[in-house]
Amino acid sequence: MRILGIIPARGGSQRVPRKNVRPLGGKPLVAHSIEAALGATKLTRLVVSSDDAEILQIARDYDLRLALPRPAEISTDRSLAIEFVQHALSQLESSGEPAFAGVAIIQPSSPLTQSTDIDATISLLEATGADSAVSVMALDHAIHPIKLKTMEGDRLLPFWEEERGRMAMHELPALYVRNCAVYVTRRNVLDSGSILGSDSRGYVMPRERSVDINDPFDLELAEFLFARMT
């Protein structure tokens with residue numbers, strides 16, 4: 001199955017300025033995703049889609065073919081993921097590359113993702129015949145929806161439903177959330193304008209590799225976890 005890997009790395013970021021080039025373990029954030037993707041065995045081709053000259057140069061330092069300049073009009077805070085996916089497919093296939101059967105998005109904001117996580121998510125898609133497969137993590141029982149509360153004054157009230165004494169982890173159903181690291185989708189779903197299909201499967205990543213950098217605290221957490229892993 002021909003899979004195009006795309007690392008979407010804009011130059012702009014509101015909550016963590018220049019996030020994708022911020023250092024983590026002595027190298028830019030985006031470099032961690034590049035190295036993980038280059039180590040994956042199930043990606044046919046890899047590109048770094050960016051509107052930023054510095055990020056594109058980082059990609060070229062690994063391999064000249066990795067850098068894929070992205071137009072500014074699809075690189076804003078409100079741009080949709082399907083736009084950079086369709087742009088990458090169009091650019092590569094119009095230049096003569098064979099058609100791709102699917103796309104794997106590897107997010108640079110999840111720098112602890114490993115090559116095995118990318119391959120396992122792709123393998124899940126292939127093995128199940130699903131429309132899409134994504135990386136997920138188990139939801140901590142402390143923030144389980146059954147435990148969520150609202151407040152009237154200082155009075156705690158259930159947000160979803162009464163806990164009915166269900167407070168321990170083993171008393172609650174296991175729940176999962178996308179950890180924003182890897183998304184793999186078949187071509188027909190992408191051609192319909194969607195990133196995820198109606199039949200989507202989840203590859204479970206451990207919590208310690210599921211950090212998603214959206215603010216300065218997340219970056220500090222990633223630095224702590226990275227130091228423990230190395």
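Hi everyone. Let's start at L148, which sits in the loop that links β7 (132-138) to β8 (149-152). Before going on, please keep in mind that this is a predicted model.

So, is L148 buried or exposed? Neither, quite: L148 is partly exposed, because its relative accessible area is 33%, and partly exposed covers what lies between 20% and 50%. L148 also has company at the surface. Together with F159 and W160, L148 makes a nonpolar patch of about 350 Å².

Now let's move on to the pockets. What is the volume of the largest pocket? It comes to about 790 Å³. Thirty residues line this pocket, and those closest to its centre are R10, K19, Q107, S109 and N214. If you look at which elements give two or more residues to that lining, you will find α3 (81-94) and β10 (176-186). The largest share comes from β10, with three residues. As for chemistry, the lining of the largest pocket holds 14 nonpolar, nine polar and seven charged residues.

On to the second largest pocket, with a volume of about 250 Å³. Here 13 residues form the lining, and M137, R207, S210, V211 and L221 are the closest to the centre. Which element gives the most to this lining? That is α6, with four residues. Both α6 (216-229) and β7 supply at least two residues here, and you may remember β7 as the strand before the loop that holds L148. By class, the lining of the second largest pocket has eight nonpolar residues, one polar and four charged.

That's my tour, so thanks for listening!

Note on methods
Residues are numbered from 1 along each chain as its sequence is written. This is a predicted model: local features need pLDDT of at least 70, side-chain atom pairs count only at pLDDT 80 or more; totals for chains, interfaces and linings use all residues. Side-chain values use heavy atoms; hydrogens and water are left out. Patches are made of residues with over 30% relative accessible area and no salt bridge: like charges are joined within 9 Å, nonpolar side chains (Val, Leu, Ile, Met, Phe, Trp, Tyr) within 5 Å. Accessible areas come from the Shrake-Rupley method with a 1.4 Å probe; for residues, only the protein chains shown count as cover. A salt bridge is a side-chain nitrogen of Lys or Arg within 4 Å of a carboxyl oxygen of Asp or Glu. Buried means under 20% relative accessible area, exposed over 50%, partly exposed in between (1.4 Å probe, protein chains only). On a 1 Å grid over the protein atoms alone, a cavity is a set of points where a 1.4 Å probe fits but cannot get out, and a pocket is an open set with protein on both sides within 12 Å along at least five of seven lines; lining residues have an atom within 4 Å of a point. Grid points are joined across faces, edges and corners, and a volume is the space filled by probe spheres set on the points. Ala, Val, Leu, Ile, Met, Phe, Trp, Tyr, Cys and Pro count as nonpolar, Asp, Glu, Lys and Arg as charged, and the others, Gly among them, as polar.
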